[in-house]
Structures are given as structure tokens and as C-alpha cells.
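Work through these short exercises with the sequence and the model side by side. Try each task before reading its solution.

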Amino acid sequence: MALRGPVSRLIRTQLRHRCQQNRAQSVAVLGAPFCKGQKRRGVELGPKVIRDAGLIDRLSALDYSVHDFGDLSFQHLEQDEPYMDVKFPRSVGSANNMLFSAASRAVGAGHTFVMLGGDHSLAIGSVSGHAQQSPDLCLIWVDAHADINTPMTSPSGNLHGQPVAFMLKELQDKMPDIPGFSWTKPFLSSRDLVYIGLRDVDPGEHHILKSLGIQYFSMRDIDRLGIQRVMEVTLDHLLSRKQRPIHLSFDIDAFDPSLAPATGTAVNGGLTYREGIYLTEEIHNTGLLSAMDLVEVNPLLGANQEAVEATASLAVDVIASSLGQTREGAHASIEQMSAVKNDTEQLCL
Ligand SMILES: NC(=[NH2+])NCCC[C@H](N)C(=O)O
Ligand SMILES: [Mn+2]
Ligand SMILES: [Mn+2]
């Protein structure tokens with residue numbers, strides 16, 4: 001029986017809106033094959049192995065329209081002397097400037113933005129590009145490391161250990177003028193950031209975390225509280241005052257090296273598979289994830305092909321789960337089915 005009259009018209013209008021909302025759900029994937037934020041070759045191959053592990057098909061199966069924008073191509077700079085102890089400042093600055101524009105455009109066009117690294121220095125461009133469109137965003141940083149060194153505190157001079165220092169307003173007067181970074185401006189308050197998974201924090205970083213009162217959950221905290229409580233407190237901390245867009249910056253080395261061996265700065269005692277997936281499921285369930293990074297997959301550092309594939313496939317699982325893949329299965333809603341079949345009789349089911 002076909003539905004007629006004002007009620008059915010109302011239902012059909014609502015269906016159309018739902019359908020349009022669903023269609024508006026689109027993901028932009030962008031590769032950033034870049035390695036100059038650290039010294040080991042191979043992390044620039046991250047986007048390729050993550051795509052080869054089936055990322056695009058997995059996201060398409062989740063009912064998104066997936067826009068794969070390919071990889072950025074970064075220019076090679078011949079002259080890039082260290083500044084203080086900071087390595088490759090101009091290369092890192094210019095790569096991030098490109099990424100900044102791309103991220104801002106993707107988010108501005110209404111996509112959920114997924115950046116495939118590359119090393120973690122790329123979060124400077126990715127998060128600041130996102131913030132350009134969503135100034136009230138909050139940041140969840142999942143990592144064995146805090147990546148909040150300043151050039152003065154960094155033990156290595158590697159910029160992948162420093163991206164958060166470029167973002168925080170509270171660290172503005174601790175940051176020198178580094179060549180290549182004149183385009184950056186701090187945009188994040190320390191209360192809008194939460195770390196999960198820390199277990200290798202440098203003394204200068206520890207001092208910054210404590211003196212700014214940054215909310216963090218080390219692996220020890222996860223042992224004590226359990227991942228469920230950690231996510232509850234994380235989301236409460238970031239969202240209880242107001243609902244706002246989330247940026248998830250996920251370093252694959254947050255996982256235990258037995259699960260993610262192909263990475264440059266592996267640290268024992270990391271997240272289990274189930275903790276990592278629960279964490280991303282909870283972020284998805286907020287409905288507020290607006291951009292994410294998946295960084296530090298380095299296929300040249302796996303002991304063999306199997307190790308590389310395990311790491312890349314874990315990266316795909318993290319992204320898919322952040323974007324709504326569930327462990328309990330799912331079926332299309334009645335609204336979706338009726339919209340697809342263009343048949344309101346489905347409603348009688
Ligand atoms: N994104 C990463 N994997 N960072 C590792 C950083 C290691 C160390 N804390 C440093 O600053 O050099
Ligand atoms: Mn790390
Ligand atoms: Mn990192």
C-alpha cells in the first residue's frame with residue numbers, strides 16, 4: 001500500500017533529508033609521503049602500503065563516498081641546514097605549508113579528512129589546516145610519545161618529536177623563529193588536547209605536560225583505569241563544555257611493537273589491538289570526528305613482508321574503525337533501504 005496524505009509527505013521529506021545527510025558523508029584521503037621530520041628512510045612509503053592494504057575499499061564499504069586525492073608531491077630542497085639543532089627545518093616547514101592548504105580545503109569542502117603519513121611532523125600542517133576551518137576543534141593524540149619538545153628541549157633535533165609545540169598558544173614564547181615556519185601561528189589551548197598511550201616522554205616534555213596541566217593517559221594509566229574509563233574521561237574533558245569537532249592524530253607506534261613493528265621509534269608495552277580499536281570506536285560514536293592523521297608506518301623497518309603487512313593492515317583497521325566500522329556488524333537502516341529503493345512501503349516492515 002502506498003502511503004498518501006500529509007503524514008506520508010512529512011515522512012518522505014524526512015527521508016530525503018536523511019538521505020542527503022547520508023550522501024553528504026564523504027571522506028577525503030590524502031597521502032603525505034614525507035620523512036624529513038626524522039632521520040630514517042622509508043616512512044615516506046607509508047601512504048602506499050596503507051593504500052595497498054585495502055584502505056579505499058574498506059572505507060567505501062562503510063557507505064561513504066570516498067575521494068582519494070592521491071599523494072602530495074613535496075619539493076626537494078638542496079639547501080636546508082639545521083637551525084639550532086633542528087633538522088631539515090625548511091623542508092618540514094614547506095611540506096607542512098602545502099598540507100595546511102590541502103587539509104583546510106578538504107575540511108572546508110565538507111569532507112572528513114584522512115591524512116596518511118609520513119612522519120608525525122606532518123600533524124603541524126594537518127591540524128592547523130583543520131583548525132583554519134574549525135577554530136574550536138579539540139585534539140586527541142594517540143602515541144607512545146608526546147611530540148611536544150621545543151627546539152630547546154628536543155634531544156634529537158627531529159621535528160617529528162616537536163609538532164605539538166608549534167600548535168600550543170601557551171608555548172608561543174618558547175618557540176624560536178624557525179626558517180620555513182613563518183606561516184604558522186599557534187591555535188590550540190592546552191586544555192583542548194588529550195594524550196593517550198604515552199610511555200616514552202623526554203624530561204623537557206614531562207615538564208611541559210605538568211606545568212601546562214595537560215590531560216594525558218600513559219600506558220600505566222590505561223593499566224590502572226582500563227581503556228573504557230580512559231575514553232570516558234577523555235571525551236568528557238574535551239566535550240562536556242561544548243560539542244565540537246575532533247582531530248585524531250594517531251601515531252602507529254602507540255600500539256605494541258608486536259602488532260606494529262614497522263615503525264621508526266617503537267617502544268615496548270603499547271596498546272593492545274582491542275584497546276586501540278575500542279578507542280577509535282568511542283571516537284566515532286561521538287559523531288564529531290572531523291579529521292584524522294595516521295602516521296609513522298615505515299615499511300623499510302619491518303623485519304619481513306609479513307611484519308610490514310601486519311602494520312599496514314592495522315593502520316587500515318584504525319582508520320576504518322574511527323570512521324564507523326563496528327565489531328558487532330551493522331545493517332542499513334530502514335530509512336536507507338527505503339531511500340535506495342525509493343519505496344516508502346518499506347516503512348511498513
Ligand atoms: N612521532 C614520533 N615517533 N616521535 C618520536 C619522538 C622521539 C623523541 N621524543 C624526540 O623528540 O626525538
Ligand atoms: Mn610516536
Ligand atoms: Mn608521534
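**Exercise 1.** Is D143 buried or exposed?

*Solution.* Keep in mind that this model is predicted. Start with the cut-off: a residue is buried if 20 or more other C-beta atoms lie within 10 Å of its own. Now count. D143 has 26 C-beta neighbours inside 10 Å, so D143 is buried. Next, place D143 in the chain: it sits in the loop between β4 (138-142) and α6 (163-167). Last, list its contacts beyond four places in sequence. They are Y195, G197, L198, D251, D253 and A254.

**Exercise 2.** Repeat the steps for H145.

*Solution.* H145 also lies in the loop between β4 and α6. It has 25 C-beta neighbours inside 10 Å, and therefore counts as buried. Leaving aside neighbours within four places, H145 touches G161, D200, D251 and T265.

**Exercise 3.** Which residues does the UniProt annotation "binding site" cover?

*Solution.* The unreviewed entry marks H120, D143, H145, D147, D251 and D253. Check the sequence: they span 134 residues. Then check space: no two of their C-alpha atoms are more than 12.2 Å apart, so they gather at one spot.

**Exercise 4.** Test the length of helix α11 (residues 305-322).

*Solution.* Take its 18 residues at 1.5 Å a residue; the helix should span 26 Å. The end C-alpha atoms are 26 Å apart, which agrees. Now look at its packing. Buried residues of α11 include V308, L314 and I319. The buried residues pack against α2, α3, β3, β7, α10 and β8. Finish just past the helix: G324 takes a positive phi of about 115°.

Definitions and conventions
Residues numbered from 1 in each chain as written. Chains lettered and ligands numbered in written order. Predicted model: local features only at pLDDT ≥ 70, side-chain atom pairs only at ≥ 80, totals over all residues. Helix = DSSP H or I, 4+ residues; strand = E, 2+ residues; numbered from the N terminus. Expected span 1.5 Å × (residues − 1). Buried ≥ 20, exposed ≤ 12 C-beta atoms within 10 Å, placed from the backbone. Contact = placed C-beta atoms within 7 Å. UniProt positions renumbered as here; feature names shortened; annotations may be inferred.
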